[in-house]
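Biologist: Got a minute to walk me through this model? I'd like to go over helix packing and cysteines.

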Amino acid sequence: MQHWSAVKTLFRYLRGTSALKLIYRQGGDSDIKGYSDADWAANVDDRKSTSGYIFTLQGAAISWCCKRQPTIALSTCEAEYMALSAAVQEASWWQGLTRQFEATGPITINCDNQSTIAIARNGGYNPRTKHIDIRHHFIRDALEREIVNINYIESDNQLADGLTKPLLRTKLEKNREAIGVLA
C-alpha cells in the first residue's frame with residue numbers, strides 16, 4: 001500500500017505539472033549565476049548528504065544537478081563545501097565555454113552557508129577542516145584565478161533548495177518561476 005500511495009502521488013504531480021515548460025527570455029541580465037546547496041545527512045539509511053546546484057542565464061535554468069554525496073559529511077558546513085565543490089566544477093566548464101565567445105568575468109555562485117564561504121576564501125590551515133578531502137580544496141584555486149566569486153545568499157532566496165529538500169508550495173512556485181519554469 002505504501003508503494004501504491006507513492007505511485008498515486010507521482011501521477012498527481014505529473015498531471016499537475018504537465019503544462020509547465022522552461023522558457024528562455026531575451027534581454028535581462030546576461031551573466032551566468034549559480035546557486036549551491038546541500039541537505040546534510042538527508043538519507044536516513046546511510047546518512048549521506050545531498051548536493052544540488054543550479055545555474056541560470058537571463059532568468060532561466062541552463063544547468064542543474066542533484067546528487068547524493070559520495071562520502072559522509074561530518075557537519076553541515078562540510079556537506080555545503082562538497083556541494084560548492086561540484087558547483088565550482090560546473091562553473092569552470094561554463095567559464096571555459098563563455099570565454100570562447102566573449103571575454104567574461106568570474107561566475108557568481110550563491111551559497112547560504114557562511115562557514116562554507118569562509119573556508120573557501122581562507123587559504124590557510126584550519127584544524128576544523130583538515131579532514132575534508134583535498135579534491136574539494138580546488139575551490140580556493142578557482143577563487144584565486146577569478147573563475148568564480150562566492151556570495152552569501154539567504155536561504156529564502158536559495159534556488160537550489162528545491163533540488164536538495166522538500167519545499168512548501170509557495171517557495172517551490174517562487175523558485176520555479178525564478179528559474180524560468182512557467183505554464
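Modeller: Sure, we'll take the helices, then the cysteines.
Modeller: This is a predicted model, where local features need pLDDT of at least 70, side-chain atom pairs count only at pLDDT 80 or more, and totals for chains, interfaces and linings use all residues. Residues are numbered from 1 along each chain as its sequence is written, and side-chain values use heavy atoms, leaving out hydrogens and water.

Biologist: At what angle do H2 and H3 cross?
Modeller: The axes of H2 (residues 76–99) and H3 (residues 114–121) cross at roughly 60° and come within 8 Å. Helices here are DSSP runs of H or I, at least four residues, numbered from the N terminus. Axes are lines fitted to C-alpha atoms over the stretch in contact, with angles from 0 to 180 degrees between N-to-C directions.

Biologist: Which residues make that contact?
Modeller: H2 brings Cys77, Glu80, Tyr81 and Leu84, and H3 brings Ser115, Thr116, Ile119 and Ala120. Contact means heavy atoms within 4.5 Å.

Biologist: Switching to cysteines, how many disulfides are there?
Modeller: The count comes to 0 disulfides, a disulfide being a pair of cysteine sulfur atoms within 2.5 Å.

Biologist: Why no bond for Cys77?
Modeller: Because the closest cysteine sulfur, in Cys111, is 8.5 Å from that of Cys77, too far for a bond.

Biologist: Is Cys77 buried or exposed?
Modeller: Buried, at 15% relative accessibility; buried means under 20% relative accessible area, exposed over 50%, partly exposed in between, with a 1.4 Å probe and protein chains only. Cys111 is buried too, with a relative accessible area of 0%.

Technical notes:
Helices (H or I, at least four residues) and strands (E, at least two) are DSSP runs, numbered from the N terminus.
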